[in-house]
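Me: Please take a close look at the nonpolar core of this model. I would like one connected account of what forms the core and what lies around it.

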Amino acid sequence: MPEASLDRETVEEYARWFRALADPTRIRVMRFLSGRPDPVPVGEIVAHLGLNQSTVSHHLKILHTARFLTRRRAGASIRYAVNPRCVTEFPSAADILIGARDRCGGERGSP
């Protein structure tokens, strides 16, 4: 697929997605949450990663802003989960970038 077939907005969104995943801690967060059937409280993520809460919260914010994660308040805590749309749309973005296939039919998708 030629680069010219991707509009500027799509290219910028894909770049945001890849930047959001360009950190080992964020990859660990995604891996941890992807194995959980229910949203997970921040404290459990902190305990699993062995990092301080402010560091984990920083990474969660980046992943949420890029829409890789969903979040919801449950009482006094916030719970995070992998956004199910990213499971299907991010691989499509990667395929489009390397020209493997265009599963989006030329339309812009987002996680």
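Reply:

**The nonpolar core and the sheet beside it**

In this predicted model, the largest nonpolar core comprises 22 residues. Val29, Met30, Leu33, Ile45, Leu60, Phe68 and Leu69 are the ones with the most contacts inside it. Two or more residues come from each of helix 1 (8-20), helix 2 (24-34), helix 3 (42-49), helix 4 (53-65) and strand 3 (77-82). In soluble globular proteins, nonpolar side chains tend to be buried together.

Met30 can serve as an example. Once its neighbours within four places in sequence are set aside, Met30 is in contact with Leu21, Leu63, Phe68, Leu69, Val82 and Cys86. Two of these partners, Phe68 and Leu69, are themselves among the residues with the most contacts inside the core.

Strand 3 also belongs to an open sheet of three strands, ordered 1-3-2 with antiparallel pairing. Strand 1 (40-41) and strand 2 (69-74) are the edge strands, each pairing on one side only. Six bridges join strand 2 to strand 3 in the antiparallel sense, and Thr70 stands opposite Ala81 in strand 3. Helix 4 packs on this sheet and touches both strand 2 and strand 3; the direction of helix 4 makes about 120° with that of strand 2.

As for confidence, the average pLDDT of the chain is 83, and 77% of the residues score at least 70. Over residues 101-111, pLDDT stays under 50, although the model has 29 contacts beyond four places in sequence for this stretch. Where pLDDT is low, the predicted coordinates should not be read in detail.

How values were computed: Residues numbered from 1 in each chain as written. Predicted model: local features only at pLDDT ≥ 70, side-chain atom pairs only at ≥ 80, totals over all residues. Heavy atoms only, no water. Core = buried A, V, L, I, M, F, W, Y, C linked by side-chain atoms within 4.5 Å. Buried < 20%, exposed > 50% of the residue type's maximum accessible area, 1.4 Å probe, protein only. Helix = DSSP H or I, 4+ residues; strand = E, 2+ residues; numbered from the N terminus. Contact = heavy atoms within 4.5 Å. pLDDT = per-residue confidence, 0-100. Pairing = 2+ DSSP bridges. Axes fitted to C-alpha atoms, helices over the stretch in contact; angles between N-to-C directions.
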